[in-house]
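Biologist: Please take me through the ligand site and the internal cavities of this model.

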Amino acid sequence: MTRSKLSSGNDSGLDVPVIAIDGPGGSGKGTISIRLAKHLGWNFLDSGALYRLTALAVLKNQISLDNEAALGKTAAGLDIRFESTGSGVVARLDGEDVGDCLRLEKTGIIASRIAAIPVVRLALTGRQRHFRQAPGLVADGRDMGTVIFPDAILKIFLTASDECRARRRHKQLKEKGESVNLSRLFREIKARDSRDQSRDISPLRPAEDAVIIDSTDLNLEEVFSKIVKLV
Ligand code: C5P
């Protein structure tokens, strides 16, 4: 499972199976998706990383969040690369390792703001579909099952209570050395959810044929085994 291999791929593989795992931040979908991709020996798409990389490029080039044309141009012209290393995946923007900034909460907030802009989403659509390569793809995001891969063979919508997601996210950020106040994080997560759910284009919502899993009272193993059974 490498994303570096995928970033140079083509999008001809409509017969390549896709499993879409969508849901709000902190639902555990990232961890589950990576694990499922490894388990199946399939490729993995972290679509949120593409929005986060766009956010970093926007910050780097000091583009105003009101300048939609420039935001779209930035998304379309992104020079990004994912490289697999022994310890994980390195994300590069213009050749530079941006791993330290990619997962910051403030990057997520800007990503969510620009993700509501149609030209940005359009610019990233083709890039996401390029990840569809044999033998299969596990795609993690907000609109994988509804917009990017509507023909996915399995669509999961993973969710959890707001409190639970804020706690999980807090733990994750702490482990990465980012100190964030829990109640502030809770408010930010709610604001990000409501922006993601209420935008006109590709709002966060389960596909009609998605299986909804609430992971509030489940541990990682329990969620994983539920999904493996569905696969
Ligand atoms: O999943 P992650 O927190 O990395 O995503 C950052 C932001 O990117 C989300 O809050 C959402 O606004 C946006 N996003 C999106 N569509 C996706 C993946 C992420 O709009 N498929």
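**Cavities and ligand shell**

Modeller: The model is predicted, and it holds 2 cavities of 30 Å³ or more.

Biologist: How much space lies in the largest cavity, and which residues line the largest cavity?

Modeller: The space in the largest cavity is about 40 Å³. By class, its lining divides into 2 nonpolar, 1 polar and 4 charged residues. The residues that line it are Pro24, Gly25, Arg142, Ile189, Arg192, Asp193 and Asp196.

Biologist: Which element gives the most to the lining of the second largest cavity?

Modeller: The second largest cavity has a volume of about 30 Å³, and its lining includes Lys155, Ile156 and Phe157. Two or more lining residues come from each of α8 (144-148) and β7 (154-159). The most, 3 residues, come from β7.

Biologist: Which element supplies the largest share of the shell around the ligand?

Modeller: The ligand is surrounded by 17 residues, of which 4 are nonpolar, 4 polar and 9 charged. At least two residues of this shell are supplied by each of α3 (47-60), α6 (105-114) and α10 (182-198). The largest share, 4 residues, is that of α3.

Biologist: How much of the area that the ligand exposes when taken alone does the protein bury?

Modeller: Polar side-chain atoms of the protein approach the ligand: one of Arg142 lies 2.9 Å from a ligand oxygen atom, and one of Asp143 lies 2.9 Å from a ligand nitrogen atom. An N or O atom in the side chain of Arg199 is likewise 2.9 Å from an oxygen atom of the ligand. Of the 450 Å² that the ligand exposes when taken alone, the protein buries 96%.

Terms used
Residues are numbered from 1 along each chain as its sequence is written. This is a predicted model: local features need pLDDT of at least 70, side-chain atom pairs count only at pLDDT 80 or more; totals for chains, interfaces and linings use all residues. Side-chain values use heavy atoms; hydrogens and water are left out. A residue is near a molecule or strand if one of its heavy atoms lies within 4 Å of it. A polar contact is a pair of N or O atoms within 3.5 Å; within protein, one must be able to donate a hydrogen and the other to accept it, and residues adjacent in sequence count only if both atoms are side-chain atoms. Accessible areas come from the Shrake-Rupley method with a 1.4 Å probe; for residues, only the protein chains shown count as cover. Ala, Val, Leu, Ile, Met, Phe, Trp, Tyr, Cys and Pro count as nonpolar, Asp, Glu, Lys and Arg as charged, and the others, Gly among them, as polar. On a 1 Å grid over the protein atoms alone, a cavity is a set of points where a 1.4 Å probe fits but cannot get out, and a pocket is an open set with protein on both sides within 12 Å along at least five of seven lines; lining residues have an atom within 4 Å of a point. Grid points are joined across faces, edges and corners, and a volume is the space filled by probe spheres set on the points.
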